[in-house]
Amino acid sequence: MLLRTTITSLLVSVALPFCVSATGKNDAVLKVSVKNLGGRELSYFRSYNGVYVNESNPVVMDSDSTFTISLPTDGVEFISLKAQDPAKKLPVLSQTMFLMPGISELVIDPMAKEVFQINSGAGGMDNFGLADNTKNLSNIYFSLIAPGIVPDELNLAPDSIPDVVLGKFDNYIDSVNIRYKNAAPWLLDAYNGMATFYRDIIFFTKYSRFTDNEEWDKTYQELIKNINVSTPSSGLFPYWQMLVVNMLYVNKGDTLSQLSGNEFLLLKAEYCDSVFSGKAAEAAIGTLLLEDGLRGLYNPGAIILTQQFKDEYPNSSLIPLLDEQASRNIAFNNPPEREGINFRDNSEIATVADILAPYKGQPVLIDLWATWCRPCLQSFTHVGPLQKYAAEKGIQLLYISIDDQDDIEKKWRNIALLNNLIGDHLLMNPAVKMDIYDTFGHNSSMWIPQYAFVAPDGTITLLDGSLAESEDFSPLKEKLDELMK
């Protein structure tokens, strides 16, 4: 994850165990045969009975290089497969697709002309075309929030008239429908249902820059009347929280920055309940609560909201996921006391030299992280071998949190205690911020999670970023053995 001093958070995926449900009459079943992966590991994102969740599920293949994913459904599901090399030497392969009840068969073969091939079911290759086009919709949206980084395919950036912005988008959607006019009706319905909400988020992203403008205000009033219409595929839209924040910004403006994390969570839930209905409301509120846990926020209000969600949507397929996050929330906010965890006072620290002064003549492994960094939090789940190695070799473990948000200390402490991060802990203060970035980063940028090794003579060596994320301790051990010689 690339961190800049002007950026405070990014959303990144968290891995959860793979499981296959028993095939039922309403299951959308995907049977996958795999060839020639060359060391790549497979994972997938999926929807839960029509609600897409931004979490990565690793695949465990059978002995014959096949696996089956079974998604209980009342309608259309959406899945995104990814084949990724842990060593990052091979290109990443990915494919998205829609699924309906029944059995679909897929072959993944990087050596074939078509890496992903549908053998049967799922509407044929038109499925790939329409599903892949949702990536184009994502890029159109991200071109507005990351100008210059994502190409502005529709040239929306300079437009200041709402009808022009929406007209360009509508024309694009029409062209896709014409191109795939012979596709199965259920595929077109699923695609257009998702496109509706991309249209909304693009409008609100632009509208946030033209508030108090009569034309935009009028279009907003017309759009808000229809935004609560719930189509069967509306829950497949993957950016509910971004849409809600954009909508709230239009209504609440700069007052949002004055809210605590818990207050903001409650406000978003209340707003979703008032604006959306049906599957759209289930998706918006459900993913709001899931992201609170997946991002490691664990706001106390999520516990109450989860129970309210369960009362409102007792048959939601998100409930097992929400129960798991609620249990983690309770554990997070009530961490056990631990021995061997030392929280250092940062009030007198102004330089990296001040940070390292207590360890003069001792080898130190620094872990740079942040409470909002999901890869950082994920890395804490497999620190056991490192802790054992450090104890045997006399290496001091030092965890430096680069959080600069207000009221973060309790959360910082809770994460360390919950994950039993034995060692010293330091919360960065404003005085040392730039020296940390200059020492462990480049041009005011820094990758996290990041390890840095400090030799007994004070020499600092930055380690490859992949070592901090890998569940395999062997590469890190090999590097530390080399540095300890």
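Let's start at a pair of residues: in β16, leucine 462 is the bridge partner of alanine 452. The names of helices and strands follow DSSP runs, numbered from the N terminus, with H or I over at least four residues for a helix and E over at least two for a strand. Strands β15 (residues 450-454) and β16 (residues 460-462) run antiparallel, joined by 3 bridges; two strands count as paired if DSSP finds at least two bridges between them. The two form a hairpin with 5 residues between them, and glycine 458 in the turn has a positive phi of about 95 degrees.

Before going on, a word on what we are looking at. This is a predicted model, in which local features need pLDDT of at least 70 and side-chain atom pairs count only at pLDDT 80 or more, while totals for chains, interfaces and linings use all residues. Residues are numbered from 1 along each chain as its sequence is written, and side-chain values use heavy atoms, with hydrogens and water left out.

Back to β15. How many of its residues are buried? The count is 5 of the 5, so β15 is largely enclosed by the rest of the structure. Buried here means under 20% relative accessible area, exposed means over 50%, and partly exposed is in between, using a 1.4 Å probe and protein chains only. Gln450, Ala452 and Val454 are on one side of β15, with Tyr451 and Phe453 on the other.

Next to β15 we find strand β11 (residues 364-369). β11 and β15 pair in the antiparallel sense over 5 bridges. Leucine 365 has phenylalanine 453 as its bridge partner, and leucine 368 has glutamine 450. β11 is mostly covered too, with 6 of its 6 residues buried. Val364, Ile366 and Leu368 point one way, and Leu365, Asp367 and Trp369 point the other way. β11 also runs parallel to strand β12 (residues 396-401), joined by 6 bridges, and tryptophan 369 stands opposite serine 401 there. As a reminder, strands of a sheet pair through backbone hydrogen bonds, either parallel or antiparallel.

Now let's move to another sheet. This one is open, has 4 strands in the order β4-β3-β6-β7, and its pairing is antiparallel. Its edge strands, each pairing on one side only, are β4 (51-58) and β7 (93-99). Neighbouring strands are turned by 15 degrees against each other on average, direction ignored. For these angles, axes are lines fitted to C-alpha atoms, for helices over the stretch in contact, and angles run from 0 to 180 degrees between N-to-C directions.

Strand β6 (residues 77-84) pairs with β7 in the antiparallel sense over 7 bridges, and serine 80 has threonine 96 in β7 as its bridge partner. Helix α1 (residues 126-145) packs on the sheet and touches β6 and β7, its direction making about 110 degrees with that of β7.

Is threonine 96 buried or exposed? Threonine 96 is buried, with a relative accessible area of 5%. Leaving aside neighbours within four places in sequence, its contacts include Phe78, Ile79, Phe128 and Lys135, where contact means heavy atoms within 4.5 Å. The side chains of threonine 96 and aspartate 132 are joined by a polar contact of 3.3 Å. A polar contact is a pair of N or O atoms within 3.5 Å; within protein, one must be able to donate a hydrogen and the other to accept it, and residues adjacent in sequence count only if both atoms are side-chain atoms. A polar atom of the threonine 96 side chain also lies 3.3 Å from the backbone oxygen of alanine 131.

A third stop is the open sheet β5-β2-β8-β9, where 4 strands show mixed pairing. At its edges are β5 (66-72) and β9 (116-120). The twist averages 25 degrees from one strand to the next. Strand β2 (residues 27-34) and β5 pair in the antiparallel sense over 7 bridges, with serine 33 matched to threonine 66.

To finish, the cores. A nonpolar core is a set of buried Ala, Val, Leu, Ile, Met, Phe, Trp, Tyr and Cys residues joined through side-chain atoms within 4.5 Å. Of the 76 residues in the largest one, Phe98, Phe204 and Phe276 touch the most other members. Helix α3 (residues 185-207) gives this core its largest share, 14 residues. A second, separate core has 56 residues, among them Phe332, Leu377, Ile400 and Leu480.
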